[in-house]
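Me: Can you take me through this one? I'd like to start with the charges.

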Amino acid sequence: MNNIQACLFDLDGVIVDTAVYHYKAWKRLAKELGFDFTEEQNELLKGVSRVRSLEIILEIGGVTKTEAEKEELATRKNAWYVDMINQMRPDEILPGAHEFVQACRDVGIKTALGSASKNSMTILEKINMVDLFDAIIDGNKVTQAKPDPEVFLKGADALGVAPSACVVFEDAIAGVEAALNGGMKVVGIGSPSVLKGADLVVSGLSEMTIERLRNL
Ligand code: G6P
Ligand code: MG
């Protein structure tokens with residue numbers, strides 16, 4: 001049995017599936033710019049910051065923009081995205097997510113959110129999960145993108161727990177790497193062939209139990 005004292009959760013793809021909303025908004029932007037953006041290409045954007053996502057999309061379309069134009073495009077996309085997440089409801093929480101975060105708290109394990117999204121608070125409010133996290137570190141509080149461990153190290157620090165006593169839950173390879181770079185254990189959410197290096201890979205938090213956590 002290990003001595004895990006904190007669990008740090010990514011948001012998009014772990015607690016909620018917002019990838020579909022990101023996809024709709026980016027696809028609309030690509031269409032306005034005159035090219036298509038597929039669901040497969042959307043996979044490249046998981047865990048990637050808004051600015052970097054836009055750059056990837058512009059590369060796909062073979063389009064060059066100035067910094068000022070890029071800022072306007074990212075703002076436009078975000079406005080559409082915010083319109084969609086403002087409609088989110090608690091029934092969009094992924095299966096087992098609420099239950100597992102609560103189960104951690106029930107046994108005295110601290111919980112934090114560690115997400116690149118600057119819209120994290122809006123989403124947590126819409127799904128009624130703000131109070132389930134002892135610390136919330138989002139895209140507004142970090143300067144380095146995953147796989148840099150900053151977001152998770154700040155979370156561990158805010159909780160007062162050593163990185164070696166933390167477990168990170170992540171669906172993106174960049175996030176798995178960020179956790180490993182921070183000296184934390186990591187549970188991948190998705191496919192073992194993609195999330196290489198994770199201590200355990202499950203298909204969703206519904207597969208997680210405190211016992212499995214203790215045996216990492
Ligand atoms: C998460 C998502 C990414 C998204 C990023 C920034 O990491 O997985 O797809 O681009 O957050 O989100 P934001 O809400 O700040 O645009
Ligand atoms: Mg994610």
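Reply: For the charges, Lys and Arg count as positive and Asp and Glu as negative, with His and the chain ends not counted. The place of a charge is NZ of Lys, CZ of Arg, CG of Asp or CD of Glu. The model is predicted: local features need pLDDT of at least 70, side-chain atom pairs count only at pLDDT 80 or more, and totals for chains, interfaces and linings use all residues. Residues are numbered from 1 along each chain as its sequence is written, and side-chain values use heavy atoms, leaving out hydrogens and water.

Me: OK, how far apart are the mean positions of the positive and negative charges?

Reply: They are 2 Å apart, taken over 23 positive and 32 negative charges.

Me: New topic. How many aromatic pairs are there?

Reply: Five, from a search of the whole structure. Rings of Phe, Tyr and Trp (its six-membered ring) pair if their centres lie within 6.5 Å; planes under 30 degrees apart are stacked, over 60 edge-to-face, and the rest tilted.

Me: What about Y23 and F37?

Reply: That pair is tilted, at 5.8 Å centre to centre with 45 degrees between the planes. Y23 is in helix α1 and F37 in the loop between α1 and α2, so the pair ties together parts 14 residues apart in sequence. Helices are DSSP runs of H or I, at least four residues, and strands runs of E, at least two, numbered from the N terminus.

Me: Are Y23 and F37 buried or exposed?

Reply: Both are buried, meaning under 20% relative accessible area (exposed is over 50%, partly exposed in between; 1.4 Å probe, protein chains only).

Note on methods
Chains are lettered from A and ligands numbered from 1 in the order in which they are written.
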